[in-house]
Amino acid sequence: MTTKDAFTEDGWTRARRAPLVAGLAISIADPGGPIEAAKESMATLKNAVNPPTHEQLLTEVALDIQTMSQSRENPLKGFKPSGPNPGEAVLDELRGVLTIVSAHATPEESAAFGAWLVAAAQAAAEAAKDGGFLGFGAQQVSDREQAMVDQVRAAVAGAASSDALRLA
């Protein structure tokens, strides 16, 4: 069981915001209007406070996010993707967080954490329909959103592969 105490302050901050960063990846990949952005943000937050499994690490991260949200603190505070490609900056952040998590957590917790990040991106992508007119002809997940979900999935898989090589 991995707890918050296993991490440095910076490591914990990055782990705590990671599910929200994964959702943010979708908004960056295919920016929509304010309603779409709000729906994506709400889906991401809902996913972040309700992890898909009950590993100790995921539970502690979710509780921290919930506490911050209830006290009107921004769990993404301090993270601003920059550079010419903000989507790549988000993916780099997720890869870095997965490296931090795998250094402190059990392999099962690391795998569950990675799956949670993919689920967060998928939840954001499915939160609002894209395109069409008055809802007719709209896609549930746009091509750019799906491409970003696939990139988040690849980043998680790549981080898991590099961790396995490091442990071998």
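Contact means heavy atoms within 4.5 Å. This is a predicted model, where local features need pLDDT of at least 70, side-chain atom pairs count only at pLDDT 80 or more, and totals for chains, interfaces and linings use all residues. Residues are numbered from 1 along each chain as its sequence is written, and side-chain values use heavy atoms, with hydrogens and water left out.

**Exercise 1. Describe the overall fold.**

Step 1: Take the secondary structure. The protein has six helices and zero strands. Helices (H or I, at least four residues) and strands (E, at least two) are DSSP runs, numbered from the N terminus.

Step 2: Look at the contacts with a separation of 6 or more. Residues 24 or more positions apart account for 75% of them.

Step 3: Turn to burial. Of the 168 residues, 43% are buried (under 20% relative accessible area; exposed is over 50%, partly exposed in between; 1.4 Å probe, protein chains only).

**Exercise 2. Check the length of H3, then place its buried residues.**

Step 1: H3 covers residues 56-70. The expected span of a helix is 1.5 Å times one less than its number of residues. For the 15 residues of H3 that gives 21 Å, and the end C-alpha atoms are 21 Å apart, so the two agree.

Step 2: List the buried residues of H3. Among them are Leu 57, Leu 58, Val 61, Ile 65 and Met 68.

Step 3: Find their partners. The buried residues of H3 pack against H1, H2, H4 and H5.

Step 4: Move past the helix end. Just after H3, Arg 72 has a positive phi of about 65°.

**Exercise 3. Classify how H3 crosses H5 and H2.**

Step 1: The axes of H3 and H5 come within 8 Å and cross at roughly 45°. Axes are lines fitted to C-alpha atoms, for helices over the stretch in contact, and angles run from 0 to 180 degrees between N-to-C directions.

Step 2: H3 is therefore oblique to H5 (under 35 degrees is roughly parallel, over 145 roughly antiparallel, 65 to 115 roughly perpendicular, the rest oblique).

Step 3: Val 61 and Ala 62 are among the H3 residues that meet H5, where the partners include Phe 113 and Trp 116.

Step 4: Repeat for H2. The axes of H2 and H3 come within 7 Å and cross at roughly 130°. That makes H2 oblique to H3.

Step 5: Name the residues. Leu 45, Ala 48 and Val 49 of H2 meet Ala 62, Ile 65, Gln 66 and Ser 69 of H3.
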